[in-house]
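Morning, everyone. Please have the sequence and the 3D view open. I'll walk you through a few pieces.

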Amino acid sequence: MFFEILHKYGAVKDNRASYDEKVSKLYDKYNIPRIEIKLDFVDSIYEEFIKSDKSLIITGSAGDGKTFILRKIFKKLGGAEFKDGAVASGVTFVLDFTAVENKYEILQKAKKEKYIIAANEGILSDFEIEDDFLIKDLSKTSSAKNFSLLLDKILEYIDKYEEEKDCIIFKNIKTLKEVKSKVEDLIRMCDYNYEHVTMRRLFIFIANMILGSKSKTLYKKCEKEDFLDSNLYSNILGENLTSSARNKRPFEFMQMLSLGYKSSNEIDELILYADLKQNEEILKNHYFGLKEFYAKRDKFLENGDYSLIEEYMKFFRRHLYFKHGFNLIRYISFDEYKELFETLKDGKKVKKSIKKEIALALNRLFLGSFVNERDDLFIGTSFKNSNERVANEIIEKLDVREIDFEFVKGNDDEYGEIYLKIKNAKMLIDLDIYEFFKRIANGSLVNSFSNEFFERIMIFKSQLISEDELILFNVDERGRVELYELELGEDYVSLQ
Amino acid sequence: MLAYNEAIKLLSKYNLDDYVIPAIFGHRILSPSNPYFTTLEFLNIINSGIIYGFSEERVKNIKKEKLVKLLFECKEDELKEEFKCCYKEKFESYEVFKLIIASLRKMQISTDSVKVEGKFLYPHSFNMLFHNDDSRRNHFTRSGELVYLMVKRSKRFNEFIEKLKTKFSSSKWDNVINLLSSSETKEEKLGFLPQNEFFVYDMLCEDLIKILDSDIPRRDIFYYFSIIVNFYVSFYILSVAKDDFYFVVEILNDKNDNVRKKSREIYRINEESVVNVVKNYIQKYNVENFELKKISSVKDAHRNYLRGILSGRERTNAYRYLLSDEFLKLLVLLNVNKKMKFEKFLELLYERYRIVIGENEARKKFKLSTFACFRNNEKRLIKRMRLLGFIEEKSDGDIYVKV
């Protein structure tokens, strides 16, 4: 019976009103308490609000749980009937600021009396919100943490309310329990790219991960389905969904990881010849026996028809990623970024090797030349406009120690924003841009990336450019930078 | 536009073989030989005005003959001679002198011109601007003079000059340029622009001021000035020709669709309006002996000033309105203060620049059985802007343009 509720959560169409209603009805029907997870920051928001004489605005994307938090605070304040405009202990609750007609008036009133207002982030940017309010942005909350809490709760409900059967759903659950932290990492990657996944989307993601298939009868009968259609791995990528559903968070992100498509000869040989290499352990899974695969593989080796094993290969590559930790996704720098994030979160010092690698990448980007300098940072630019990729002059040479980071905390202990700081210039470092740095430092060319990254670097650079002297440069065969500093006096020009 | 007899009276001092086009659009609007030259010509006049005073009749063009010779004519041995003769006291060594010359040469605006009169420096300050003698006006075609007159006649001209002076007045190259060359002046007559007041003049000046007010670094000012100046020359031509013109802009599509068809159609209509305004004028004032082929220079100018900004023929052989990344970037920088709803941004492009990209704006201008193609056009714009880092998407579907 819980699967039926879970399936409703997984309803891909975001028709909000009917969605909440249908789920509530099912909870009532089966007499199951609603799934709720404990969000630590609700208490701290409450405390802060009580101590302050300001009104509170809870903002965030739709489906972020704003109403949920308002309801919690309403109860804490001893409110009776929770509805829009309700008052509890002298505090007025506005449940949906978007729907309010006289928005400006409400904001004015909220400066004088205490209000708690839930507002989608977008609508607020139409108003000048000054320091008169406490503002809590729920998108500055760790989706990975929410995911982990929610998944534990859902797995607990399944254990409690569903009976185990030999079917694809329970195979998914078994697999999920083994690879949970790896899936959590995928959501963490969204966090690291500041692509917040709302509570509602997390529900959809988890429901789809477990139940998969579009078939409505699946969860009732728990039929034996073809593993290729609804196994956990392909469900995570949303491969069972329609293209429009797949283009939403977090599936859109999962698709972009190329998981199952990215591989190497070495990995593919490991899969294909696992039996010969006595390495079968790594292929073992809950979905099918290996004999089935070997039979198809032998045929493929005989006649070269790759379509026979294509789906199996995708499955196994994903299996190697999730179960055995092979790095088969687009990012090569996730672990390093995670380490940097943790270091900064704990207020520790960043390793010099990371700064040096960033210096190397920035030097290559700023100078438009394949230099090998990593101990100094060269701020270079073209003689013409700053959009030109090849630099002619060096504006400034800085020691690598000038590279610094700033960590800005969010609502919970797992959310944070990393900024790269060099002198007065500041830039948000997400996983994508960190990956860009890493790859440039490894020798990739700028043109192999989306223009977006280069533009972001150029905006950062423009904050660093101040011009007094003229420093020309030359790059030698080993990629070392030689400088010629010229003093441009009023009546004399000389080499310094 | 001016009445024909009045035009003849006013224009007689210019010794022209045609008064019709100057009476309607102004003195010589020719296609630019290079995307930067109109702005360069414009800034040259501004520079001269700041030093010698602003006039609408005459200009003292500032020349730097020695600099031009050193940079664009001298070969290595001649440079050596020059150094020995005149620069030993000013530069530490020949190597330093050569390094400076080589650096300045890298600042040359790349052109097809092999002749010295078509060679200029990318200006980082007023001191790097100069005028070259070009009797046939192949490079400074007078369009820059018209741009100057437009800005001069706009309401915020003085404010523009003050801001330009603050942002553009000095560069580290100034000393070097002074050491290399002195300046000479040559007084010449300025071109002729019919209307004393026109809304386009104010729009142009406003956007130039916005560039100066923005965070755009000084070294990029000239680059963005060139884009906006070229856009407004075309905008001016169309505004004179037709009150209610607009651009239907395709965001480059792989396939042919109705946006492309509409863009081509409106492109042709706009071109036609330039021809028609001239034809109507000839009829109205019974002008005899007018060679119709003369219209084509203005017609071409409409296209060529927009080239690389808002016109092109990628993937087809017919011209239409296409939005370039650079112009898009500038439109965002000029009009978005921190954050703006995407729909509002499209509305602004339509209201201010008459650019139709999305469905809402298209619906205001014409009827079609379906506007799905314009919705897709919007989507392509979002995709492009996302790549440029200008888009912030909320999970509830709200899309914002951010700087």
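Let's start in chain A. Strand β9, residues 416–422 of chain A, pairs with β10(A). The sense is antiparallel, and the pairing runs over 4 bridges. Keep in mind that this is a predicted model. Want one pair to look for? Find A:Ile422; opposite it, in β10(A), stands A:Ala425.

A quick reminder on strands. Strands of a sheet pair through backbone hydrogen bonds, and they do so either parallel or antiparallel.

Now zoom out a little. In what order do the 3 strands of this open sheet in chain A come? The order is β8-β9-β10, with antiparallel pairing. Which strands of chain A stand at the edges? They are β8 (403–409) and β10 (425–428) of chain A. Each has a single partner strand, so one side of each is left without a neighbour in the sheet. From one strand to the next, the twist averages 30°.

Next, the helices on this sheet. Helix α18 of chain A, residues 334–345, lies across β8 and β9 of chain A. The angle between α18(A) and β9(A) is about 90°. Then there is helix α21 of chain A, residues 451–464. This helix packs on the sheet and touches β9 and β10 of chain A. Its direction makes about 160° with that of β10(A).

Over to chain B. Again, strands first. Strand β9 of chain B covers residues 399–402. One partner is strand β6 of chain B, residues 339–341; they pair in the antiparallel sense over 3 bridges. Strand β8 of chain B, residues 391–393, also pairs with β9(B), antiparallel and over 3 bridges. Which residue of β9(B) is the bridge partner of B:Glu392? The residue is B:Tyr400. B:Lys341 also stands opposite B:Tyr400.

Last topic: domains. Chain B is divided into domain 1, 4–241, and domain 2, 247–402. Their centres, taken over C-alpha atoms, are 28 Å apart. The contact takes 27 residues from domain 1 of chain B and 27 residues from domain 2 of chain B.

Look at the domain 1 side of that contact. The elements giving two or more residues are α2 (20–24), α10 (199–213) and α11 (218–241) of chain B. Which one gives the most? That is α11(B), with 11 residues. What is this side made of, by class? Here domain 1 of chain B has 20 nonpolar, 4 polar and 3 charged residues.

That's the tour. Thanks.

Technical notes. Residues numbered from 1 in each chain as written. Chains lettered and ligands numbered in written order. Predicted model: local features only at pLDDT ≥ 70, side-chain atom pairs only at ≥ 80, totals over all residues. Domains from an automatic or database assignment. Contact = placed C-beta atoms within 7 Å. Nonpolar A, V, L, I, M, F, W, Y, C, P; charged D, E, K, R; others polar. Pairing = 2+ DSSP bridges. Axes fitted to C-alpha atoms, helices over the stretch in contact; angles between N-to-C directions.
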